[in-house]
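Student: I'd like to learn how to read the features of a model like this one. Can we go through it together?

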Amino acid sequence: MAAVRMPETMDAVLEEIGGDADYSLMAGGTDLLVAMREGQVRSARIVCLEKIPELREIGMADGRVAIGAAATLERVAGHPLVRRHLDLLCGAIAVLGSPPVVRMATLGGNICSASPAGDTLPPLCVLGAEVELCSRLGTRRLPVSAFITGPRKIALAAGEVLTRVLIPVPAPGCRAAYWKVGLRKAQSIAVVSLAALRSESDVRLAWGSVGPVVQVFPEVEASLKGQCLPAGLLRAQAERVERLVSPIDDVRATAAYRRKVAGNLLHRLAELERAEA
Ligand SMILES: Cc1cc2nc3c(=O)[nH]c(=O)nc-3n(C[C@H](O)[C@H](O)[C@H](O)COP(=O)(O)OP(=O)(O)OC[C@H]3O[C@@H](n4cnc5c(N)ncnc54)[C@H](O)[C@@H]3O)c2cc1C
């Protein structure tokens, strides 16, 4: 059975994890405890992050929204700064899991779980979010897209903690949406998802659940940039997306279905166009 540690300061966390690497960090525990019960994780120590006040702070830092890694998704989605500047992230949390999960799960945990179906990941990618990683050696920052290196794989070194997520505020006039296709309306993992951020001059798109990590196709974004999105253009780009994605078959859907839905979701960009009119 694992020993449970409840450090109360960040220094104590770094002290706790700075020696041997036989530990797991725990935030909300909604993923970790399932993995432990299934025998996928067998650490000697569980180091809980819930008592560290600075890991739950939400504020502005250098013009970006800075969200403490251990802020719960419920708090993130309800925070005035997030509601004012990041409705895309609020929209993704609104369709994530169920109220009990959202109450316990944290933004840092959703990122570090690095699930191809993680609902906050496509929005964080199109928003250009960065993670801040802290260890006894210092602090470094990485784009979320570089931090997640594969399914359930992250660029977190032993002795490091994800402390904050730094999210640029979209330019005024930007329209954004997160569309999630699941097997049912609630408590459902994404079969395919798409986050879109559109301004007059730019389009950012990121798909979830159709590859080992969030999928971004700069050539598709470039061809939709500054365009008024006629149906023919969307159809051509949707077919291109179907060819570019690399989904797998699993218990939730076939790869062929995911490919088709990934393309179909692109047509929903027209909704953002209508919202602008
Ligand atoms: C019933 C159910 C439904 C769900 N539905 C969805 C869904 O629809 N969409 C979705 O995206 N997810 C879903 N999930 C998955 C899960 O809730 C999320 O991934 C959640 O955000 C994980 O956050 P947590 O705080 O609970 O992480 P934890 O379980 O505490 O940790 C998860 C992983 O991240 C690491 N970690 C956590 N915090 C840090 C940190 N600050 N620094 C470094 N490493 C850290 C842990 O060591 C662990 O490896 C569901 C889970 C359940 C049980």
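Tutor: Sure, and let's begin with pairing: two strands pair if DSSP finds at least two bridges between them. Strands themselves (E, at least two residues) and helices (H or I, at least four) are DSSP runs, numbered from the N terminus. Here, strand β6 (residues 130-135) and strand β7 (residues 138-143) run antiparallel and are joined by 6 bridges.

Student: Before we go on, what kind of model is this, and how are its residues numbered?

Tutor: It's a predicted model, where local features need pLDDT of at least 70 and side-chain atom pairs count only at pLDDT 80 or more, while totals for chains, interfaces and linings use all residues. Residues are numbered from 1 along each chain as its sequence is written, and side-chain values use heavy atoms, with hydrogens and water left out.

Student: Good. How many helices and strands does the protein have?

Tutor: There are 13 helices and 13 strands. The radius of gyration, taken over C-alpha atoms, is compared with a globule rule of 2.2 Å times the number of residues to the power 0.38. For this protein the radius is 19 Å, close to the 19 Å that the rule gives for 277 residues, so the protein is as compact as a globular protein of that length. Along its principal axes, the C-alpha trace spans about 60 × 40 × 30 Å.

Student: And what share of the residues is buried?

Tutor: The cut-offs come from relative accessible area: buried is under 20%, exposed is over 50%, and partly exposed is in between (1.4 Å probe, protein chains only). By that count, 48% of the 277 residues are buried.

Student: Back to β6. Which other strand does β6 join, and through how many bridges?

Tutor: That's strand β10 (residues 161-168), which runs antiparallel to β6 and is joined to it by 5 bridges. Two opposite pairs to find on screen are Glu132 with Arg164 in β10, and Leu133 with Leu162 in β10. Over on the β7 side, Ser135 stands opposite Gly138, and a hairpin links β6 to β7 through 2 residues. As for cover, 5 of the 6 residues of β6 are buried.

Student: How do side chains sit along a regular strand?

Tutor: In general, they alternate between the two faces of the sheet.

Student: What about β10 itself: is this strand enclosed or open?

Tutor: Of its 8 residues, 6 are buried, so β10 is largely enclosed by the rest of the structure. β10 also pairs with β5, again antiparallel, through 5 bridges. In that pairing Val65 stands opposite Ile167 in β10.

Student: Where else could I practise on a hairpin?

Tutor: Try strand β12 (residues 192-198) and β13, which pair in the antiparallel sense over 6 bridges. Their hairpin runs through 4 residues, and Leu194 has Trp207 in β13 as its bridge partner. Strand β13 (residues 203-208) has 5 of its 6 residues buried, so this strand is largely enclosed by the rest of the structure.

Student: Now phi. What sign does phi have in most residues?

Tutor: Most residues other than glycine have a negative phi. Asp62 has a positive value, near 50 degrees, and sits in the loop between β4 (58-61) and β5 (64-68). Arg152 is positive too, with phi near 65 degrees, in the loop between β8 (148-150) and β9 (153-154).

Student: Are those two residues buried or exposed?

Tutor: Asp62 is exposed, with a relative accessible area of 73%, and Arg152 counts as exposed at 52%.

Student: And a loop residue that is covered?

Tutor: Look at Ala105, in the loop between α6 (99-104) and α7 (107-113). At 8% relative accessibility, Ala105 counts as buried.

Student: Which residues is Ala105 in contact with?

Tutor: Contact means heavy atoms within 4.5 Å. Leaving aside neighbours within four places in sequence, Ala105 is in contact with Thr30, Ala71, Thr72 and Leu73. For a helix case, take Ala35 in α2 (residues 32-37): Ala35 is buried, at 12% relative accessible area. With the neighbours within four places again left aside, Ala35 is in contact with Gln40 and Val41.
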